[in-house]
Amino acid sequence: MAERSLRGTNLSWLSFESDEGVTFSERAISRYVCPDGHVSELPFSVEADIPPLWECRCGLDAKLEDGPEPEVKAGKPQRTHWDMLLERRSIPELEELLEERLGLLREMRGEKPSRRRSA
């Protein structure tokens, strides 16, 4: 039975290639320091563009030691629901819709309709 059984390999982690004839690129160690004082040393190829920021293990952005200051991107202000509503409707339209909805609610409660106050 042993002669007829198939032998397999796990191709996900086993490689039949060797490192023979492979030349690795030169590497330089880059040091990153985060605001909490953590230091990360990472090897990069000497030909690589080294990023000015790297995410530290604590989640903060670590800066490249003795490197250029990172570019600050202009942030776009976050739009609120009110901003989006004002893109679709004007204030007088919103006041009219409010009065209409309040009138429906008052009818459902059985209240008498009230007169609209003038500003």
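In this predicted model, the side chains of R31 and E65 meet in a salt bridge, with 2.9 Å from N to O. The pair links distant parts of the chain: R31 belongs to strand β1, whereas E65 lies in the loop between β4 and α1, and 34 residues separate them. A general principle helps to explain such pairs. Side chains of opposite charge can pair when their charged atoms come close. Both partners are partly exposed: R31 has a relative accessible area of 32%, and E65 has one of 34%.

R31 has a further partner. E41 forms a salt bridge with R31, and the closest N and O atoms of this pair are 2.8 Å apart. Because E41 lies in strand β2 and R31 in strand β1, the pair ties together parts that are ten residues apart in sequence. R31, E41 and E65 are thus linked in a network of salt bridges.

How many salt bridges does the count come to? The count comes to five. One of them joins E111 and R109, whose closest N and O atoms are 3.6 Å apart. Here E111 is partly exposed, with a relative accessible area of 38%, while R109 counts as exposed at 64% relative accessibility.

The strands named above belong to a wider arrangement. The secondary structure of the protein consists of two helices and four strands. Read from the N terminus, the elements follow the order β-β-β-β-α-α. Strand β1 covers residues 27–33 and strand β2 covers residues 39–45. Strand β3 covers residues 53–55 and strand β4 covers residues 61–64. Helix α1 takes in residues 81–88, and helix α2 takes in residues 91–109.

Two serines show how residues of the strands meet. S30 is located in strand β1, and S40 is located in strand β2. Is S30 buried or exposed? With a relative accessibility of 6%, S30 counts as buried. S40 also counts as buried, at 14% relative accessibility; the cut-off for this term is under 20%. Apart from its neighbours within four places in sequence, S30 is in contact with S40, E41, L42, F44, I50 and L64. One of these contacts, E41, is also a salt-bridge partner of R31. With neighbours within four places again left aside, S40 is in contact with S30, R31 and Y32.

The next site to consider comes from a record. In an unreviewed UniProt entry, the annotation "binding site" covers C34, H38, C56 and C58. These residues span 25 residues in sequence, yet no two of their C-alpha atoms are more than 8.7 Å apart, so they gather at one spot.

Where does C34 lie? C34 is found in the loop between β1 and β2. C34 is buried, with a relative accessible area of 5%. If residues up to four places away in sequence are not counted, C34 touches C56, C58, D61 and A62. Two of the residues in the annotation, C56 and C58, are therefore among the contacts of C34.

C56 has its place in another loop, the one between β3 and β4. C56 is buried, with a relative accessible area of 5%. Which residues does C56 touch, not counting residues up to four places away in sequence? They are C34, H38 and A62. A62 also appears among the residues that C34 touches.

Helix α2 allows a simple check of its length. At 1.5 Å a residue, the 19 residues of this helix should span 27 Å, and its end C-alpha atoms are 27 Å apart, which agrees. The internal pattern of such an element can be put in general terms. An α-helix has 3.6 residues a turn, so residues three or four places apart point the same way. Just after α2, G110 takes a positive phi of about 85°.

Finally, some totals describe the protein as a whole. Buried residues make up 9% of its 119 residues, and S30 is one residue that counts as buried. Of the contacts with a separation of 6 or more, 19% are between residues 24 or more positions apart. The accessible surface of the protein comes to about 11,700 Å², and 52% of this surface belongs to carbon and sulfur atoms.

Definitions and conventions. Residues are numbered from 1 along each chain as its sequence is written. This is a predicted model: local features need pLDDT of at least 70, side-chain atom pairs count only at pLDDT 80 or more; totals for chains, interfaces and linings use all residues. Side-chain values use heavy atoms; hydrogens and water are left out. Buried means under 20% relative accessible area, exposed over 50%, partly exposed in between (1.4 Å probe, protein chains only). Contact means heavy atoms within 4.5 Å. Accessible areas come from the Shrake-Rupley method with a 1.4 Å probe; for residues, only the protein chains shown count as cover. The expected span of a helix is 1.5 Å times one less than its number of residues. UniProt positions are given in the numbering used here, feature names are shortened, and annotations may be inferred rather than shown by experiment. A salt bridge is a side-chain nitrogen of Lys or Arg within 4 Å of a carboxyl oxygen of Asp or Glu.
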